[in-house]
Amino acid sequence: MSAASSYPAWNTLHVGDNLDVLPRIPAGSVDVVYTDPPYNTGNDFAYADRFRDGSHADPYAGRHAAWTAMMRPRLQAVRAALAPHGAVFVSIDDNEAAHLRLLMDEVFGEANFLAQVVVNLNPKGRQLGRGFATSHEYVLAYARHLPSCLVDGSTTEAVDEADFPLVTPDGRRFRYLPLRNTNKKFNPVSAPTLHYPLHGDPETGRVSVTAFDGSTALTPVFGDGRPAVWRWSRPRVEERPDDLECRVIRGRSGERADIFQRDWLHREGGRRRKLRTIWLAEEIGSTDTAVAELKALVGHVFESPKPTGLVRRILSMLPPDAVVLDPFAGSGTTGHAVALANVADGGTRRCLSINSAEPTREGSNARLAGLATVADITRARLAAVADRVGGGLEVVLESPDIR
Ligand SMILES: C[S@@+](CC[C@H](N)C(=O)[O-])C[C@H]1O[C@@H](n2cnc3c(N)ncnc32)[C@H](O)[C@@H]1O
């Protein structure tokens with residue numbers, strides 16, 4: 001991942017239509033794309049969010065067709081910019097979620113689907129209108145090529161200390177995990193080398209592969225008494241006997257001794273946990289958090305920005321020198337998140353943001369604040385990020401008539 005070193009600043013903003021800018025990004029040079037395209041809500045935001053094709057008899061069909069026609073060539077250009085090990089994460093809500101999923105299957109291939117994450121950005125739920133108080137939207141994730149994909153769907157951030165309730169006298173937190181494999185697919189027929197006797201003493205807790213004074217021989221069994229297998233091989237038990245403990249437990253058929261792994265909270269190399277596909281506002285922030293983050297830097301000049309925590313969670317799945325691209329940058333959340341992540345872990349990530357110089361809506365907060373185009377909003381935030389967080393900002397104007 002050396003492409004990061006070819007960008008002098010942490011943040012680069014390209015002002016222009018992403019369809020013109022994307023083909024100029026060297027093919028295969030981007031590690032991860034996070035983006036949040038117009039959702040086609042029909043609302044009046046600082047930017048246009050209404051795509052309609054009047055040639056369809058059914059207005060819904062026309063709406064989806066126009067949006068899909070806008071997105072298809074842009075996603076194709078995103079795919080070309082991605083490295084073979086890269087991945088793309090796209091935010092979307094119910095307006096176009098179904099159409100985006102089919103479009104991404106078409107452009108990236110169904111075989112490269114990673115996840116459709118539910119993102120709980122509005123924990124109280126939307127109170128306007130009829131029906132449900134919608135409290136979530138989605139992030140659709142696809143690999144450029146799943147077998148080579150670098151995305152690690154786990155994070156150190158998601159580990160919850162409360163899951164490790166026990167503490168040794170010297171203060172190390174742990175929990176007990178049964179050494180027996182509880183998955184019924186694994187049994188003495190499917191994994192014969194893992195079915196063997198271990199020797200344990202529940203008085204002292206000691207476990208060994210060979211018998212010792214006071215030990216009892218234990219073979220793994222399922223709750224219903226059928227033979228099971230251990231999760232660890234004999235050599236592994238020999239290497240780490242101190243991470244195992246023989247204890248008495250109360251099973252369906254009364255008390256019996258069994259063997260447990262002491263699973264430590266702090267492991268060598270760090271402990272990672274697989275990310276679930278529901279991301280809560282309390283973990284990544286909400287739309288309210290995002291509005292406050294933007295307000296602190298530039299003002300309340302953009303509707304529904306994303307919280308930096310959402311982008312940082314995506315960044316946490318990739319190496320700290322990732323080249324990041326956001327072709328629908330809006331208020332510049334992705335670039336802000338990249339700078340915060342670099343400061344937090346000393347990383348050298350680079351972020352390329354693209355936003356068109358579409359005029360802000362007459363009378364909008366942005367226009368009243370003197371920001372004539374949406375790209376002016378992006379630039380104002382990324383300049384404030386460079387000032388307050390660091391990393392600098394390069395601005396590239398797509399055509400000379402853009403200010
Ligand atoms: C939903 S907003 C992105 C919000 C952003 N994630 C944030 O947190 O602020 C979509 C953005 O895409 C921009 N946009 C729409 N069409 C574009 C195009 N063809 N090229 C570049 N930017 C575009 C709009 O101006 C708008 O700022």
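Buried residues make up 38% of the 403 residues in the protein, where buried means that 20 or more other C-beta atoms lie within 10 Å of a residue's own, exposed means 12 or fewer, and partly exposed covers what falls in between, with C-beta atoms placed from the backbone. This is a predicted model, so to speak a computed one: local features need pLDDT of at least 70, side-chain atom pairs count only at pLDDT 80 or more, and totals for chains, interfaces and linings use all residues. Residues are numbered from 1 along each chain, following the sequence as written.

As for the overall build, the protein has ten helices and 18 strands; helices (H or I, at least four residues) and strands (E, at least two) are DSSP runs numbered from the N terminus. The C-alpha trace spans about 85 × 50 × 40 Å along its principal axes. The domain assignment splits the protein into domain 1 (3-157 + 272-397) and domain 2 (175-264), with bounds that come from an automatic or database domain assignment. Measured out over C-alpha atoms in the model, 48 Å separate the centres of domain 1 and domain 2. Among the contacts with a separation of 6 or more, 71% are between residues 24 or more positions apart; a contact here is a pair of residues whose C-beta atoms, placed from the backbone, lie within 7 Å.Strand S2 (residues 30-35) is a good place to start on the details. S2 is mostly covered, with six of its six residues buried. Five bridges join S2 to strand S3 (residues 82-92), and the two run parallel; strands count as paired if DSSP finds at least two bridges between them. Within this pairing, Tyr-34 has Phe-89 of S3 as its bridge partner. To get from S2 to S3, the chain passes through helix H2 (residues 59-81), and this β-α-β crossover is right-handed, that is, with the strands pointing away from the viewer, the path from the first strand over the helix to the second runs clockwise. S2 also pairs with strand S16 (residues 323-326), again in the parallel sense, over two bridges. Here Val-33 is matched with Leu-325 of S16.

The loop between S2 and H2 holds Asn-40. Its phi is near 65°, a positive value in a residue other than glycine. Asn-40 counts as buried because 23 C-beta neighbours lie inside 10 Å. Ser-304 also has a positive phi, about 50°, although it is not a glycine. For background, most residues other than glycine have a negative phi. Ser-304 sits in the loop between helix H6 (287-297) and H7, and it counts as buried because it has 20 C-beta neighbours inside 10 Å. Helix H7 (residues 308-315) is itself mostly covered, with eight of its eight residues buried; among them are Arg-312 and Arg-313.

Then there is the ligand. Of the 19 residues around it, Asp-36, Phe-328, Gly-330, Ser-331 and Thr-333 come nearest, a residue being near if its C-beta atom, placed from the backbone, lies within 6 Å. Helix H1 (18-21) and strand S17 (350-355) are the elements that give two or more residues to this shell. By character, the shell divides into nine nonpolar, six polar and four charged residues. In that count, Ala, Val, Leu, Ile, Met, Phe, Trp, Tyr, Cys and Pro are nonpolar, Asp, Glu, Lys and Arg are charged, and the others, Gly among them, are polar.

An open sheet of three strands has the order S10-S9-S11, with antiparallel pairing. Strand S10 (207-208) and strand S11 (216-218) stand at the edges with a single partner strand each, so one side of each is left without a neighbour in the sheet. Strand S9 (residues 198-200) pairs with S11 over three antiparallel bridges, and Gly-200 stands opposite Thr-216 in S11.

Two leucines in loops round off the picture. Leu-265 lies between strand S13 (254-264) and strand S14 (273-274), and it counts as partly exposed because it has 16 C-beta neighbours inside 10 Å. Leaving out residues up to four places away in sequence, Leu-265 touches Glu-161, Phe-164, Arg-173, Phe-174 and Arg-271. From C-alpha to C-alpha, Leu-265 and Asp-17 are 48 Å apart in space and 248 residues apart in sequence. Leu-371 is found in the loop between helix H9 (365-368) and helix H10 (374-388). Leu-371 is buried because 23 other C-beta atoms lie within 10 Å. With residues up to four places away again not counted, Leu-371 touches Val-301, Thr-360, Ala-366, Asp-376, Ile-377 and Ala-380. Pro-359 is twelve residues from Leu-371 in sequence and 8.7 Å from it in space, C-alpha to C-alpha.

Methods: Contact = placed C-beta atoms within 7 Å.
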